[in-house]
Every structure is written in structure tokens, then in C-alpha cells.
Amino acid sequence: DGTVYSGSLDATICVWSGEDGARIRTLTGHSDFICALAVGPNEKVYSGSDYSSLIRVWSTRHGGHLQSLEGHTDQVASLIVGQDGRVYSASIDSTIHVWSGDDGAHLHTLEGHTDCVNTLVWGPGGLLCSGSSDRTIRIWTGQESTIFTTTRVAVGEAIVWTDSTLFARLGTELIWGWPSTSGPNPPSFVMTPHLNEGCGPLAGGADGKLFAAQGGCICMM
């Protein structure tokens with residue numbers, strides 16, 4: 001519906017009008033900064049906070065807190081919602097949990113990473129992609145995964161999968177890329193678009209273009 005949700009260092013979630021930018025309401029309840037946020041198709045918003053293993057579920061209609069999902073043993077680092085309404089949560093505890101979007105029931109756990117799971121994204125065909133501090137990216141089919149090994153540094157919060165290529169930001173300076181038809185190892189190219197300036201968030205589209213941000217600059221590749 002165009003509504004915008006933002007999580008902040010002040011431990012709140014603000015809800016904004018996508019038409020005029022007016023703040024509609026503020027969701028409170030977390031005790032530390034918001035580090036994961038996802039909006040579901042079922043009139044629910046899911047959030048995770050630093051130093052907490054809980055996932056809070058909020059109503060998009062009235063902003064009330066509906067329930068808390070318990071299962072992780074450490075901070076939730078990333079949240080994503082599938083087209084089927086299921087919720088996927090990645091954690092510092094090295095696991096990915098799958099939850100029902102209807103009643104919040106825990107469905108199963110995806111295991112394989114050996115360090116913090118930092119990010120989750122959707123790839124072509126609805127494949128789930130996870131990046132971890134264990135220096136791997138895993139592509140999940142059900143509860144099985146294909147491993148893309150980076151070998152050098154941890155996979156940060158930035159992974160983009162366009163229609164043809166998987167990109168990952170490693171550390172603050174390197175971007176690695178794998179054409180989707182080439183298999184997991186080795187990467188086909190390594191980019192250093194910002195040299196010593198560091199690389200921030202990544203974004204990409206169906207046209208195959210990749211955008212990398214750092215400071216006040218945006219690189220298109």
C-alpha cells in the first residue's frame with residue numbers, strides 16, 4: 001500500500017506514509033536498536049533487535065504488538081518473508097529459522113553455516129540465499145544448500161542476486177560475482193570499485209546492473 005517502515009538506533013520502528021512522508025505511528029517495545037525488519041503480506045511486520053534473540057510481530061493495521069517468536073539463542077541479524085508468507089530469520093547463532101506467517105509457529109531450522117548468518121536475500125526462482133561470517137554463501141533448496149566459498153573474508157550484509165549474476169560484498173572493499181550458470185566455485189570476477197574508500201550497500205535490478213554506494217558516491221557496474 002506504499003507504507004514505509006524504518007527501524008532505528010533509538011529502538012523504535014516508525015511507520016510513514018508513502019504519499020506525503022507523514023509519520024503515521026511509532027512502534028515501541030524493543031530495548032535496543034533495530035537490526036532486522038521485514039513486512040509480510042499478512043498485515044504483519046517482523047522485527048529483531050540487538051542483544052535479543054526474540055522476533056517481535058506487529059500489526060500493520062493498528063500497530064499493536066501481536067506476539068514474540070522464540071527459537072534463536074542469539075541476536076537476529078536478518079529477516080525476510082517469502083511469497084508463501086513464511087518468515088525466515090538469520091541469526092548470530094549460525095542458524096536460519098523458518099516460521100509460519102499465519103500463527104508464528106516454528107516450522108524448521110536450516111543448519112550448515114558455522115558462524116554468524118548476516119544476511120538473507122531471494123534469488124531467481126524463489127531460491128533463498130544466505131551470507132555468513134564463515135566465509136560462505138549458501139543457496140537453499142528446501143533444507144539442502146549449495147555452498148559458494150569466498151575463502152578470504154566474511155560475507156557482510158550486502159548480497160544482490162540479479163537475473164543473471166550473484167554479487168556479494170566481502171568486508172568493505174571487495175565485490176565478488178558468480179554468473180548463475182557457472183556453479184559455486186570459483187567466482188568469475190572480483191571488483192574493487194572504491195579502492196581504499198570502502199564499499200557500502202549494494203543494489204541491483206533485472207537489467208543486470210549493479211550499484212554500490214560509499215559515502216556520497218554511487219558506482220554503477
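**Exercise 1. The three-stranded sheet**

Task: In this predicted model, find the order of the 3 strands that form an open sheet, and work out which strands stand at the edges.

Solution:
- Start with the order, which is β1-β2-β3, with antiparallel pairing.
- Next, look for strands with a single partner: β1 (4-7) and β3 (23-27) each have just one, so one side of each is left without a neighbour in the sheet.
- For the geometry, neighbouring strands of this sheet are turned by 20° against each other on average, with direction ignored.
- Now zoom in on one pairing: β1 and β2 (residues 13-16) run antiparallel and are joined by 4 bridges.
- To place a residue in that ladder, take Tyr5, whose bridge partner in β2 is Val15.

**Exercise 2. Strand β6 and its two partners**

Task: Describe how strand β6 (residues 55-59) is covered, and which strands pair with β6.

Solution:
- Begin with burial: 4 of the 5 residues in β6 are buried, and the strand is mostly covered.
- Take β5 (residues 44-49) as one partner; β5 runs antiparallel to β6, with 5 bridges between them.
- Within this pairing, Tyr46 has Val57 of β6 as its bridge partner.
- Then follow the chain through the connection: β5 and β6 make a hairpin with 5 residues between them, and in the turn Tyr51 has a positive phi of about 65°.
- Move on to β7 (residues 65-69), which pairs with β6 in the antiparallel sense over 4 bridges.
- Here Ile55 stands opposite Leu69 of β7.
- The hairpin of β6 and β7 also has 5 residues between the strands, and Gly63 takes a positive phi near 80°.
- If you want to think about side-chain directions along such strands, recall that in a regular strand the side chains alternate between the two faces of the sheet.

**Exercise 3. The aromatic pair**

Task: The structure holds 1 aromatic pair. Which residues form the pair, and what is its geometry?

Solution:
- The partners are Tyr88 and Trp122, with ring centres 5.3 Å apart.
- The angle between their planes is 90°; because the cut-off for edge-to-face is over 60 degrees, the pair gets that label.
- Now locate the residues: Tyr88 belongs to strand β9 (residues 87-91) and Trp122 to strand β12 (residues 117-122), so to speak two distant parts of the chain, 34 residues apart.
- Finally, compare accessibility with the cut-offs. Tyr88 counts as buried because its relative accessibility is 12%, under the 20% limit.
- Trp122 has 29% relative accessibility and therefore counts as partly exposed.

**Exercise 4. Two residues in one loop**

Task: Ser100 is in the loop between β10 (96-99) and β11 (106-110), and Gly104 is placed between β10 and β11 too. What surrounds Ser100 and Gly104?

Solution:
- Check Ser100 for burial: a relative accessible area of 13% makes this residue buried.
- Look at the polar side: the Ser100 side chain reaches the backbone nitrogen of Asp102 at 3.1 Å.
- Add the contacts, setting aside residues up to four places away in sequence: Ser100 touches Ala105 and Leu107.
- Turn to Gly104, which counts as buried at 12% relative accessibility.
- Leaving aside neighbours within four places in sequence, Gly104 is in contact with Gln67, Leu69 and Trp99.
- Leu69 leads back to Exercise 2, where this residue of β7 stands opposite Ile55.
- To finish, take a distance: the C-alpha atoms of Gly104 and Arg86 are separated by 8.9 Å, with the two residues 18 apart along the chain.

Terms used. Residues numbered from 1 in each chain as written. Predicted model: local features only at pLDDT ≥ 70, side-chain atom pairs only at ≥ 80, totals over all residues. Heavy atoms only, no water. Buried < 20%, exposed > 50% of the residue type's maximum accessible area, 1.4 Å probe, protein only. Polar contact = N/O pair within 3.5 Å; in protein donor to acceptor, adjacent residues only side chain to side chain. Contact = heavy atoms within 4.5 Å. Pairing = 2+ DSSP bridges. Axes fitted to C-alpha atoms, helices over the stretch in contact; angles between N-to-C directions. Phe/Tyr/Trp six-rings, centres within 6.5 Å; stacked < 30°, edge-to-face > 60°.
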